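Subject: Structure for your review

Dear colleague,

Please find below the structure I am handing over to you. My notes on what was found in it follow directly after.

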Amino acid sequence: MAGVGKILKRVFLVILLLVLIVVIVEWDLVKYGIEQGRGQMHIIWNAKPVEEYLASPTFPDSLKQKLLLIDRVRQFAIDSLGLNDTDNYKTMYDQKGRDVMWVVMASEPFRLEAKQWKFPVVGSVPYKGFFDESKAKRLAEELEKEGWDVNVRTPGGWSTLGFFTDPILSGMLKRSEGDLANLIIHEMSHATIFVKDNVDFNENLATFIGDRGAEVFLTSVYGAESAEYIAYKNELSNDLKYSNHMLRGGEKLDSLYKTFSESDPVELKTRKKKEMIQQIVNSLDTLTLQGSSTKPSLRFRDRLPNNAYFMNYIRYQSQQDVFMREFEQEFNGDLRAYIRQLREKHPFL
């Protein structure tokens, strides 16, 4: 028995040594994971049950209706669409009007190719999230110094893929009924279908399910002639026109970059790139958008978009035609059947 004890002790020491080596070699990743876990836990621990907000006499009735709507969307997504049943969206975190997460994305300066970060479980991911704005900005500055095109955005929501209980963020309640339903279904899709090392597929699919799922929900609850459904269809139409414009812009940039050679001066490539992006931005004003009185190009009056910005539309919108074709031709517009087939074809992680 003493000999067995010595063997077990040696095995334990070897395992401990291997763990220490991994921690030392991958210290940046370990540190990042700890920081992310702490930020996520802060939000989860400080989130309160939805029932507390519904029972509060000081919480606005209009926002209570949005909380009830989220619960209805959540149940609809489970019962009617076949998305996974989790404990998500049963609590709410009060953001107090502040952003809580920042996502950093980067792309090659003269190629539409995203920088990738590797993480356990999910694999390669073309973005890095932070619960601390200063750390997000610091990474963005470092990447810019290295020559990357960088974009930092604040997501309206995110999914922990079922590993934690995702709360409602109070900022979500500012959204319209359709936009809110879309967001909830989008994030629930991630906790149902998520393919390792394929973020473009995952985000495009969640976008498709969110768009179509919100349509089905609104027509089921309010009716196809309702103000809620019509408003959502107008929002979706505007988003589609804008997204398609940016996708076409990305194609033009890609064609331009393919004409560049290694011997071309960086200044020349930078000038041609800027001119092309300026043309794409200027032509935004030719879009006919419902309910919009301002020129879309004005959002870029202080700073032009870059490759990382265009990559974001490729990541979320470039495969919509493929999904729509399958959805209509192979499943006759039956979203639940389509989701069931996708679940069978793409086992979760």
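A salt bridge is counted here when a side-chain nitrogen of Lys or Arg lies within 4 Å of a carboxyl oxygen of Asp or Glu. Please bear in mind that the model is predicted. By the above criterion, a search of the whole structure gives 16 salt bridges. One pair that meets it is Asp200 and Arg315, whose side chains come together with an N to O distance of 3.6 Å. This pair connects distant parts of the chain, since Asp200 belongs to helix α7 (residues 199–221) and Arg315 to helix α10 (residues 307–317), 115 residues apart.

Confidence

The average pLDDT of the chain is 91, and 92% of the residues score at least 70. Residues 7–27, however, have a pLDDT below 50, and this stretch makes 1 contact in the model beyond near neighbours in sequence. Where pLDDT is low, the predicted coordinates should not be read in detail.

Helix packing

The two helices joined by the salt bridge also pack against each other: the axes of α7 and α10 are 6 Å apart, at an angle of about 65°. Angles of 65 to 115 degrees count as roughly perpendicular, and α7 is therefore roughly perpendicular to α10. On the α7 side the contact involves Val199, Asp200, Glu203, Asn204 and Thr207, which meet Ile314, Arg315, Tyr316 and Gln317 of α10. By residue class, this contact divides into 3 nonpolar, 3 polar and 3 charged residues. Asp200 and Arg315, the salt-bridge partners, are thus listed among the residues of the helix contact.

A second packed pair consists of helix α6 (residues 177–190) and helix α8 (residues 227–257), whose axes come within 8 Å and cross at roughly 65°. These helices, too, are therefore roughly perpendicular to each other. Here Glu177, Gly178, Asp179 and Asn182 of α6 make the contact with Glu228, Tyr232, Glu235 and Leu236 of α8. The residues of this contact comprise 2 nonpolar, 2 polar and 4 charged.

Sheets

Which order do the strands of the open sheet with mixed pairing follow? Its 3 strands are arranged as β1-β2-β8. β1 (48–49) and β8 (168–169) stand at the edges with a single partner strand each, so one side of each has no neighbour in the sheet. β1 runs antiparallel to strand β2 (residues 91–93), and 2 bridges join them. Within this sheet, Lys48 is placed opposite Met92 of β2.

Another open sheet, also of 3 strands, has the order β6-β3-β7 and antiparallel pairing. Its edge strands, β6 (128–130) and β7 (149–153), each pair on one side only. On average, and with direction ignored, neighbouring strands of this sheet are turned by 20° against each other. Strand β3 (residues 102–107) pairs with β7 over 5 bridges in the antiparallel sense. Ala106 stands across from Val150 in β7.

With kind regards

Conventions. Residues are numbered from 1 along each chain as its sequence is written. This is a predicted model: local features need pLDDT of at least 70, side-chain atom pairs count only at pLDDT 80 or more; totals for chains, interfaces and linings use all residues. Side-chain values use heavy atoms; hydrogens and water are left out. pLDDT is the predictor's confidence in each residue, from 0 to 100. Contact means heavy atoms within 4.5 Å. Axes are lines fitted to C-alpha atoms, for helices over the stretch in contact, and angles run from 0 to 180 degrees between N-to-C directions. Helices (H or I, at least four residues) and strands (E, at least two) are DSSP runs, numbered from the N terminus. Angles under 35 degrees count as roughly parallel, over 145 as roughly antiparallel, 65 to 115 as roughly perpendicular and the rest as oblique. Ala, Val, Leu, Ile, Met, Phe, Trp, Tyr, Cys and Pro count as nonpolar, Asp, Glu, Lys and Arg as charged, and the others, Gly among them, as polar. Two strands pair if DSSP finds at least two bridges between them.
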